[in-house]
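Me: I am new to this structure and would like a close look at one part of it. Please keep the sentences short and build outward from there.

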Amino acid sequence: MIFAFGLFTAIVIILLWMFQTLWLDDIYRSLKLRELDRCADAAVSAAASSDDADAFDDALSDLAKKYEICLSLYRISGTSASPVTKKHVNSFCYIHNSSSNDTLNRFYWSAAKAGGEYTELISLNSLFGRNRGGEMAADAGENMISVRLLSEGDSTLMLLFNTELVPLSSTVKTLNAQLVWITAILLVIGVALALFLSDRMSKPIRQMSGEASRLALGDYNVNFDGSGCAETENLSATLNRAAYELGRLDRMQKDLIANVSHDLRTPLTMIAGYTEIMRDIPGEATPENFQIVLDECDRLTNLVTDMLEVSKYQNGTQKLNVTLFNFTDVIRRTLERYQKLREHDGYVIRFESERDVFVKGDEGRLLQVIYNLVNNAVNYTGADKTVVIRQTETVGEDGSPEVLVEVIDTGDGIPEEDLPLVWERYYKARDFHKRANMGTGLGLSIVRGILLLHNASFGVQSKVGSGSNFWFRLKTEPAPAEQ
């Protein structure tokens with residue numbers, strides 16, 4: 001940054017030097033020439049529009065005062081030039097003090113050859129540039145002469161305009177002295193400003209760099225403070241959000257490892273225990289014991305399958321086998337799996353629907369959605385052990401027919417701040433369990449992946465102490481007979 005400010009200061013100084021010293025004389029001459037041309041054009045316009053000689057004379061006087069220019073008007077008749085009027089303004093005027101017939105003739109013929117307009121720059125050093133000792137004195141300056149020819153019957157009017165060019169050598173010296181001081185001041189201000197801004201911008205960056213190092217080492221209790229400028233504030237807000245998400249993800253991963261370890265250990269312990277019993281105790285190799293071993297193997301298989309399912313949905317490698325099928329019948333067949341829960345554990349699983357509906361989708365995957373949502377409701381429902389699955393026909397935002405499926409439990413509910421997290425692959429609301437369950441926290445993540453593949457809308461409504469309502473919507477299709 002110091003280099004950038006130094007470069008900026010150098011550019012400013014170079015521009016000042018070029019405009020105030022190197023090009024000053026050229027700029028000054030150009031301005032005086034444009035001013036002289038404007039005055040000449042105005043005088044020519046006044047001559048063309050004024051029929052009265054007195055009015056034209058007054059116009060010339062006004063122009064001489066306005067532009068501080070000396071004016072002379074001559075009438076050229078044959079080879080003689082007779083003065084008509086003179087307007088003297090400058091301290092020294094070449095056309096009033098040094099004009100002779102030869103000079104007037106030279107101006108006239110130069111203008112005539114140039115088409116009626118002629119400009120000449122005359123140095124006064126040759127006239128007044130020697131001191132008493134005969135040596136050349138200081139710069140005496142220059143006069144700029146502009147000549148305009150106007151036709152008037154048989155004669156010609158010659159307008160002479162004279163402006164003085166003041167020597168700029170002393171001015172240039174003054175400007176050079178000022179430029180030295182300006183250079184020094186700009187350098188001091190530039191360095192001070194660069195140091196101030198670099199410290200102001202680098203301080204939050206240094207702080208964020210230190211916090212980032214802690215974050216890289218696994219410390220998620222960091223605070224990125226980017227106060228100082230808008231860019232670093234936005235960056236710090238983004239990094240703080242990233243640190244929070246990484247910390248939450250790390251906690252969920254640890255929870256997953258703990259849950260999976262527990263869920264793996266339980267069936268493995270059961271399998272090992274019953275296998276040892278059947279090996280060591282005669283008569284224990286009964287069908288009932290074998291069934292227990294098989295059930296625990298199924299639990300292990302389901303656990304591994306769920307983890308693979310989540311991985312596929314996350315990587316986008318899962319594909320759908322889309323067909324037209326009776327969606328209401330899928331819900332009924334799914335609920336048949338819970339017949340033993342109803343008979344032996346007293347669960348009330350009620351399905352409410354008006355009529356059968358058909359949808360286009362992957363029948364197996366949508367059956368898995370219903371199964372996972374009902375499992376979740378069974379695990380978290382209240383003491384009355386009631387779960388309601390409700391199917392309702394609705395109309396979507398685009399006017400197309402849809403089916404709304406709700407899975408409602410009577411459990412303790414989910415805190416409002418946790419509602420956005422329930423679909424995460426590591427989320428498991430352990431603090432709100434009524435009974436131990438064997439879930440891994442992957443079921444709702446699988447549901448989310450399947451519904452996203454079907455372009456279905458879904459969500460959850462819940463309050464602590466009032467149970468939960470998990471819902472999703474699918475577009476319906478006419479029944480095959482209707483099609």
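Does Lys-87 count as buried or exposed, and at what relative accessibility?

Reply: The model shown here is predicted. Lys-87 counts as buried, because its relative accessibility is 14% and the cut-off for buried is under 20%.

Lys-87 has a charged partner. Its side chain meets that of Asp-57 in a salt bridge, with N and O at 2.9 Å. Lys-87 belongs to strand 2 (residues 80-87), while Asp-57 belongs to helix 3 (residues 53-67), so the pair ties together parts that are 30 residues apart in sequence. Asp-57 is partly exposed, with a relative accessible area of 23%. So a buried lysine is joined to a partly exposed aspartate. Side chains of opposite charge can pair when their charged atoms come close.

Now look at the helix that carries Asp-57. Helix 3 lies across strand 1 (70-77), strand 2 and strand 5. Its direction is at about 60° to strand 2.

Next comes the sheet around Lys-87. Strand 2 is part of an open sheet of five strands, in the order 2-1-5-4-3, with antiparallel pairing. Strand 2 is an edge strand of this sheet, and strand 3 (117-123) is the other; each pairs on one side only. On average, neighbouring strands here are turned by 20° against each other, direction ignored.

Go further along the order. Strand 4 (residues 142-152) pairs with strand 5 (residues 155-165) in the antiparallel sense, over 11 bridges. One position shows the pairing: Leu-149 has Met-158 of strand 5 as its bridge partner. Helix 2 (residues 24-49) also packs on the sheet. Helix 2 touches strand 3, strand 4 and strand 5, and its direction makes about 20° with that of strand 4.

The pair at Lys-87 has company. The count comes to 22 salt bridges. Asp-219 forms one with Arg-214, where the closest N and O atoms are 2.7 Å apart. Asp-219 counts as partly exposed at 27% relative accessibility. Arg-214 also counts as partly exposed, at 32%. In another bridge, the side chains of Arg-279 and Asp-280 meet at 2.8 Å, N to O. Arg-279 is exposed, with a relative accessible area of 62%. Asp-280 is partly exposed, at 47%. There is a network as well: salt bridges that share partners join Asp-37, Asp-41, Glu-117 and Arg-148.

Leave the charged pairs for a moment. Val-180 lies in helix 7 (residues 169-216). Val-180 is exposed, with a relative accessible area of 56%. Its C-alpha is 9.8 Å from that of Trp-17, and the two residues are 163 apart in sequence.

Later in the chain, look at strand 8 (residues 358-362). Four of its five residues are buried, so strand 8 is largely enclosed by the rest of the structure. Strand 8 pairs with strand 6 (residues 322-326) in the antiparallel sense, over five bridges. There, Asn-326 stands opposite Phe-358 of strand 8. Strand 8 also runs antiparallel to strand 12 (residues 468-477), joined by two bridges. In strand 12, Glu-477 is the bridge partner of Phe-358.

Then comes a helix pair. Helix 12 (residues 363-380) and helix 13 pack at an angle of about 150°, with their axes 9 Å apart. The crossing is left-handed. Helix 12 brings several residues to the contact, among them Leu-366, Val-369 and Leu-373. Helix 13 meets them with residues including Leu-444, Val-447 and Ile-450. Helix 13 spans residues 443-453, and its buried residues include Leu-444, Ile-446, Val-447 and Ile-450. After helix 13 comes Asn-455, whose phi is positive, near 55°.

Last, step back to the whole chain. The chain has 13 helices and 12 strands. Of its 483 residues, 37% count as buried, and Lys-87 is buried too. Take the contacts between residues at least 6 apart in sequence: 64% of them join residues at least 24 apart. The accessible surface of the chain comes to about 27,600 Å². Carbon and sulfur atoms account for 55% of that surface.

Conventions: Residues are numbered from 1 along each chain as its sequence is written. This is a predicted model: local features need pLDDT of at least 70, side-chain atom pairs count only at pLDDT 80 or more; totals for chains, interfaces and linings use all residues. Side-chain values use heavy atoms; hydrogens and water are left out. Buried means under 20% relative accessible area, exposed over 50%, partly exposed in between (1.4 Å probe, protein chains only). A salt bridge is a side-chain nitrogen of Lys or Arg within 4 Å of a carboxyl oxygen of Asp or Glu. Contact means heavy atoms within 4.5 Å. Accessible areas come from the Shrake-Rupley method with a 1.4 Å probe; for residues, only the protein chains shown count as cover. Two strands pair if DSSP finds at least two bridges between them. Axes are lines fitted to C-alpha atoms, for helices over the stretch in contact, and angles run from 0 to 180 degrees between N-to-C directions. A crossing is left-handed if the near helix is turned anticlockwise from the far one by less than a right angle, and right-handed if clockwise.
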